[in-house]
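Reader: I have a few questions about the ligand site and the charged pairs. Please keep the answers short.

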Amino acid sequence: MEVKRLTGIFGAEVHLGDVRRLDAEIFGELRRLVCEHEVVVIPGQSLGVSDQVELSRRFGPAGPVPFIEPSPDHPEVIKVLKEATDGDAFNFGGAWHSDFSFQPEPPSFTLLFAIDIPPFGGDTLWSSMSAAWRYLSDDRRAELLAITAVHTARDAYSRKMQPLHSGLSGMNIVCDDTANDTELHPLVTTHPETGKKCLFFNRAYVRDLLGVDSDRVASLLEWLHSYTTDARFTFRHRWSPGDLVIWDNRSTQHYALNDYAGFRRELHRTTVAGERPSA
Ligand code: SIN
């Protein structure tokens, strides 16, 4: 297995042959690499929908997928698809987020496989939330350790958002009132597999903070967003068809760029069930 680090902070490109044929030992090593490097790029794969489901299930059972109708070929897969003719204003995943962090037990891993990639643009960025924690001052750490984050899908999937989602003709996203539910998670979490401390924050779904004076909430949310997405904590991937990227939602957030007007982009996504984040 060849492992090449992609930045000084996180991310690795891994070459291990055909991911459909990994023995238990190599698969165990791959899982360890994803936890260690947080985002792993595996180029040159050929994965049908059921191959992806099979690989994803080796990481763990599929997590629940709210609001997004799965692929007709398989209930565990969502097609992240923007047609060339879809409007330019909106794309799926085009805001910093960690997948479904508003769930009581958000997904541990996401697997995203590239099918059709525009000739330019459509890159994805990730940010390391363990690095964001590591670089904090002691005073800031003490302050953030006392805070609980309020996660909600309200500003992504409540009914007012339906017209935006309906603009993606190749996806069937159905907004409903459950988007207004809230879930509380510690702002500072301990990764259950690596033991690393992480800032479990993303601006898309963290809409309030408990444990801080109410007049400071808005400015702290804004600070957390700009600090955690600072360029030094990020890694950007230029996709090619056949790339499989696996990331750890417990230690990263990510953002899909929307800069490929007039071109089609299709990737297949599976998410692996996670556990309740703990402090
Ligand atoms: C997502 O947010 O899961 C999709 C990311 C992407 O399309 O690059």
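Reader: Which residues surround the ligand?

Author: This is a predicted model. A residue belongs to the shell if one of its heavy atoms lies within 4 Å of the ligand. The residues that surround the ligand are Val80, Gly93, His97, Asp99, Leu112, Thr124, His254, Ala256, Arg265 and Arg269.

Reader: How do the residues of that shell divide into nonpolar, polar and charged?

Author: Gly counts among the polar residues here. On that basis the shell around the ligand divides into three nonpolar, four polar and three charged.

Reader: Which strands each supply at least two residues of the shell?

Author: His254 and Ala256 are among the residues around the ligand, and so are Arg265 and Arg269. The strands that each supply at least two shell residues are β14 (252-256) and β15 (265-271).

Reader: How far is a polar side-chain atom of Arg265 from an oxygen atom of the ligand?

Author: The cut-off for a polar contact is 3.5 Å. His97 places a polar side-chain atom 2.9 Å from a ligand oxygen. For His254 the distance is 3.1 Å. For Arg265 it is 2.8 Å.

Reader: What share of the ligand's exposed area does the protein bury?

Author: The ligand takes up the space of the largest cavity. Taken alone, the ligand exposes 260 Å². The share buried by the protein is 100%.

Reader: Which parts does the salt bridge between Glu76 and Arg57 tie together?

Author: The closest N and O atoms of Glu76 and Arg57 are 2.6 Å apart. Arg57 lies in helix α2 and Glu76 in a loop, so the pair ties together parts 19 residues apart in sequence. Those parts are helix α2 (49-59) and the loop between α2 and β4 (78-82).

Definitions and conventions. Residues numbered from 1 in each chain as written. Predicted model: local features only at pLDDT ≥ 70, side-chain atom pairs only at ≥ 80, totals over all residues. Heavy atoms only, no water. Polar contact = N/O pair within 3.5 Å; in protein donor to acceptor, adjacent residues only side chain to side chain. Areas by Shrake-Rupley, 256 points an atom, 1.4 Å probe, with all protein chains shown as cover. 1 Å grid on protein atoms, 1.4 Å probe; cavity = no way out; pocket = protein on both sides within 12 Å on 5 of 7 lines; lining within 4 Å. Sits in = over half its atoms within 2 Å of the grid points. Helix = DSSP H or I, 4+ residues; strand = E, 2+ residues; numbered from the N terminus. Salt bridge = Lys/Arg side-chain N within 4 Å of Asp/Glu carboxyl O.
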